[in-house]
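The following exercises concern the pockets, the sheet and a helix pair of one protein chain. Each task is followed by a solution in steps.

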Amino acid sequence: MTYTPAEVRALTPVRENVEKQASLDLRDVFLCHAWDDRQGAAKELHDLLEARGVRIWFSEKDVGLGVPLLRAIDKGLANSRIAIVLVTPALLRRLPIEGIADKELSALLAGERLVPVVHLTTYEALREVSPLLASRSGLSTAEEPMADVAAKLADLVAL
């Protein structure tokens, strides 16, 4: 697996946070995604990460019936080493209406635990909706397949 210099610069602070939290019993990853992607790209990324042994918080699996969604998300964020924001056209449509994904993103932008994964869109399109998220370097499926992105993310959180 090879990393570009930009990926090394972007992922090094996240990796340092993973190492600091190594002794805590946390999920490796919190997956932030648009509701519309839950059965598509988000599930694909979840499945690829889980197949690599990554312990991932995914709302489709971790929020039971009758459980208050926002409180479950809050706990998931607090109990995860890093967060992935799956940036898709659906997420770009959802962020301006300030729904749940927007609330998750607001919490995540506060620290060095965030990795954007751009899928089926561009950083330029993201910049129009969220300049702060677009300022974070991450990974893109336009540059490599989702399986390779998942491999890099799994490597990032491996202890």
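**Exercise 1.** Determine how the lining of the second largest pocket divides by residue class, and locate this pocket in the predicted model.

*Solution.* Step 1: the lining comprises five nonpolar, six polar and two charged residues. Step 2: these belong to a total of 13 lining residues, and Tyr123, Gly138, Leu139, Ser140 and Glu143 are the ones nearest the centre of the pocket. Step 3: helix H1 (5-20) and strand S5 (139-140) each contribute at least two residues to this lining. Step 4: the space in the second largest pocket amounts to about 180 Å³.

**Exercise 2.** Describe the largest pocket by its volume, its lining residues and the elements that supply them.

*Solution.* Step 1: the largest pocket holds about 320 Å³ of space. Step 2: its lining consists of 17 residues, with His33, Trp35, Ser59, Leu69 and Ile100 nearest the centre. Step 3: at least two lining residues come from each of strand S1 (27-32), helix H3 (59-62), helix H4 (69-78) and helix H6 (100-108). Step 4: H6 makes the greatest contribution, namely three residues. Step 5: sorted by class, the lining of the largest pocket contains 11 nonpolar, three polar and three charged residues.

**Exercise 3.** Establish the strand order of the sheet, and identify the strands at its edges.

*Solution.* Step 1: five strands form an open sheet in the order S2-S1-S3-S4-S5, and their pairing is parallel. Step 2: strand S2 (56-57) and S5 each pair on one side only and are the edge strands. Step 3: H6 packs on this sheet, where it touches S1, S3 and S4, and the direction of H6 makes about 135 degrees with that of S1. Step 4: within the sheet, strand S3 (residues 80-87) pairs with strand S4 (residues 114-118) in the parallel sense over five bridges. Step 5: Val85 has Pro116 as its bridge partner in S4.

**Exercise 4.** Which term describes the orientation of H1 relative to H9, and which residues make their contact?

*Solution.* Step 1: the axes of H1 and helix H9 (residues 146-157) come within 9 Å and cross at roughly 40 degrees. Step 2: angles under 35 degrees would count as roughly parallel; H1 and H9 are therefore oblique to each other. Step 3: H1 contributes Glu7, Leu11, Val14, Arg15 and Val18 to the contact, while H9 contributes Lys152, Asp155, Leu156 and Val157. Step 4: by class, the contact of H1 with H9 has five nonpolar, no polar and four charged residues.

Terms used:
Residues are numbered from 1 along each chain as its sequence is written. This is a predicted model: local features need pLDDT of at least 70, side-chain atom pairs count only at pLDDT 80 or more; totals for chains, interfaces and linings use all residues. Side-chain values use heavy atoms; hydrogens and water are left out. On a 1 Å grid over the protein atoms alone, a cavity is a set of points where a 1.4 Å probe fits but cannot get out, and a pocket is an open set with protein on both sides within 12 Å along at least five of seven lines; lining residues have an atom within 4 Å of a point. Grid points are joined across faces, edges and corners, and a volume is the space filled by probe spheres set on the points. Helices (H or I, at least four residues) and strands (E, at least two) are DSSP runs, numbered from the N terminus. Ala, Val, Leu, Ile, Met, Phe, Trp, Tyr, Cys and Pro count as nonpolar, Asp, Glu, Lys and Arg as charged, and the others, Gly among them, as polar. Two strands pair if DSSP finds at least two bridges between them. Contact means heavy atoms within 4.5 Å. Axes are lines fitted to C-alpha atoms, for helices over the stretch in contact, and angles run from 0 to 180 degrees between N-to-C directions. Angles under 35 degrees count as roughly parallel, over 145 as roughly antiparallel, 65 to 115 as roughly perpendicular and the rest as oblique.
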